[in-house]
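Morning, everyone. Please have the structure open on your screens. I'll walk you through a few places in it.

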Amino acid sequence: MMSHRQGNAQRISALDERAETLHLKRGMGIADARAMHPSIDIVEADPEADRRLLEGLADWCDRYTPLVALDGSDGLFLDVTGCTHLFGGERAMLDDILSRFFHQGFDVRAGLAATPGAAWAAARFSGDRIVAGGEEEALLAPLPLAALRIEPAIRDSLESVGLRTAGAVMAAPRAPLARRFGASLLLRLDQALGRLDEAVSPRLPIAPLSVERHLAEPVTLTEEIERLVGMLATTLKSDLERRGEGARTLALLLFRVDGAVSRIALGTSRPMREPLLIQKLFHERLAALEQDIDAGYGFDLVRLSVLATAAFDMQQADLAGDVTDDGADIALFADRIRARLGDGAVLKPVVVESHLPEHAVATIPFTEVLRKTTPPKKPDKITTPAPTTVFRRERPIRLFRSPEPVEVPATEMPEGPPLNFRWRRALYRVTRAEGPERIAAEWWREAASDPVTSTRDYFRIEDTDGRRYWLYRQGLYGNPQVPPRWFLHGVFA
């Protein structure tokens, strides 16, 4: 028996069959239960652990249908439309589910019907029953009001007026029921009877393409899994060719015989459908996760799914039949590194539309494409186009991630370069200087609202040893409240 705290009292949250025979009920106080049966064993409930277990069972049920949804804290919805023939029919499929759960140590109840409401009622009140289409009303009629999945307050109100079964509610006039008990009562009733559709929202996205292999003998070795991946990828290739697409995101699902499921996903920088390349990527991924994947008694079902696709551009071959693609090898190399070390292992620099040097370049994962954003157009009363000028901007070889402050004791003139500066406790004497190059933040950003603090005057500085630096002065002279500050932003050599 399990308990949880409700308000200031500890109450029963779950019972086993033996506790139910002792006339104990959910919601009963623990003190009352111990007074009736002092020897009962009570365990504190762990909702998070129960949720993880339910999600693990939902992953395992994915072997029957990809449309699996959670039903509260103790149930699952499986939309098996079009899937039952793969397991020999409805009864064979239901028996297989119950048998596998039993061997895993779970006592479950299942129901199969044309509507989610009827299946829910059959599983919880009628045992392992298959309800044929049109028999929903006969199923619900003798069942209590709880079979309609209505709120407890509505259920208590119905019982107070003598309506204690679903059949009594169905026989009553609809208009008075709606006025007194609300539209939700009729909604649940119509959904259970199939008069209104009720969608089952799956907890995971549905893969557009998927192939699987049921194994008579479970596999445990990584080499065997990789060989199966190659076989499944070969089957996927023909489907991708027919659609004119390539895979961008792939998922490998390994169903263990005892119910555990391992889900391994990876992405590609380019649309891919060559089985050998897909097998190489999963070789790297499986090698990285070898310590985390527990084969146990083996995997009896292996599935390869394509979660995301993109248009596949065919490459023109030369007269010898060879296809030259300069970026293919680099893309494959990056994909293999990412498969083994993670998406953040390979990054690429991209140019960003920003005047500030530290914001003009960003690093993104190799597979991502930078979204181009057009800044708002600044209103300008002058309609005459400005003259075109060409300015060669020289930038340092190494740009610091964040500008480092330096001390400048003196300058040639208020707006000129420094005569010397102190950086990291070392004094550097300036022999040559070029500048200034004025850079300010974009006008549409909040940082540009104060031109005094956002304006930078950059100088290219050379010291007595020939080393060159990139310094800037932030702020302007003449403001005693905010004196200018100097920073070192990069080095040329």
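Start with a salt bridge: Asp190 pairs with Arg174, and their closest N and O atoms are 2.9 Å apart. Asp190 lies in helix H10, residues 183-193, and Arg174 lies in helix H9, residues 174-181, so this pair ties together parts that are 16 residues apart in sequence. Are the two partners buried or exposed? Asp190 is buried, at 8% relative accessibility. Arg174 is partly exposed, at 38%. One thing to keep in mind: this is a predicted model.

How many salt bridges does a search of the whole structure find? The number is 34. Let me show you two others.

Asp258 forms a salt bridge with Arg256, with 2.7 Å between the closest N and O atoms. Here the acid is partly exposed: Asp258 has 35% relative accessibility. Arg256 is buried, at 13%.

Next, Glu437 and Arg395. Their closest N and O atoms are 2.8 Å apart, and they too form a salt bridge. This pair links distant parts of the chain, 42 residues apart. Glu437 is in strand E16, residues 426-439. Arg395 is in the loop between strand E13 (361-365) and strand E14 (398-406). Glu437 is buried, with a relative accessible area of 11%. Arg395 is partly exposed, with 29%. There is also a network: Arg63, Asp96, Arg100 and Asp300 are joined by salt bridges that share partners.

Now step back to the whole protein. It has 14 helices and 19 strands. There are 493 residues, and 36% of them are buried. Take the contacts between residues at least 6 apart in sequence: 53% of those join residues at least 24 apart. The accessible surface comes to about 29,500 Å². Carbon and sulfur atoms account for 52% of that surface.

Let's pick one helix. H11 covers residues 222-243, which is 22 residues. From first C-alpha to last, H11 reaches 31 Å. That is close to the 32 Å expected at 1.5 Å a residue. Which residues of H11 are buried? Ile225, Glu226, Leu228, Val229, Gly230, Leu232, Ala233, Leu236, Asp239 and Leu240. And what covers them? The cover includes strands E8 (209-219), E9 (245-256), E10 (261-272) and E11 (299-311), along with helix H12 (275-288). Just after H11 comes Gly244, with a positive phi of about 70 degrees.

On to a sheet. Find the open sheet of three strands, in the order E2-E1-E3, with mixed pairing. Strand E2 (9-14) and strand E3 (43-44) stand at the edges. Each has a single partner strand, so one side of each has no neighbour in the sheet. Strand E1, residues 2-6, runs antiparallel to E2, and five bridges join them. One residue to find there is His4, whose bridge partner in E2 is Arg11.

Stay in strand E1 and look at Ser3. Ser3 is buried, at 4% relative accessible area. What is Ser3 in contact with, leaving aside its neighbours within four places in sequence? The list is Gln10, Arg11, Ile12, Ser13, Ile30, Ile42, Val43, Glu44 and Ala45.

Last stop: backbone geometry. Most residues other than glycine have a negative phi, and most peptide bonds are trans. Here are some exceptions.

His23 is not a glycine, yet its phi is positive, about 65 degrees. His23 sits in the loop between helix H1 (17-21) and helix H2 (30-36). Its surroundings leave it open: His23 is exposed, with a relative accessible area of 64%.

Arg424 also has a positive phi, near 55 degrees. You'll find Arg424 in the loop between strand E15 (420-423) and E16. Arg424 is exposed, at 56% relative accessibility.

Then the peptide bond from Gly435 to Pro436. Is that bond cis or trans? It is cis, with omega near 10 degrees. Pro436 is in strand E16, the strand that also holds Glu437.

One more loop to finish. Ala345 lies between helix H13 (328-341) and strand E12 (347-351). Ala345 is partly exposed, with a relative accessible area of 39%. How far apart in space are Ala345 and Asp335, C-alpha to C-alpha? They are 9.9 Å apart, and ten residues apart in sequence.

Key:
Residues numbered from 1 in each chain as written. Predicted model: local features only at pLDDT ≥ 70, side-chain atom pairs only at ≥ 80, totals over all residues. Heavy atoms only, no water. Helix = DSSP H or I, 4+ residues; strand = E, 2+ residues; numbered from the N terminus. Buried < 20%, exposed > 50% of the residue type's maximum accessible area, 1.4 Å probe, protein only. Contact = heavy atoms within 4.5 Å. Areas by Shrake-Rupley, 256 points an atom, 1.4 Å probe, with all protein chains shown as cover. Pairing = 2+ DSSP bridges. Salt bridge = Lys/Arg side-chain N within 4 Å of Asp/Glu carboxyl O. Expected span 1.5 Å × (residues − 1).
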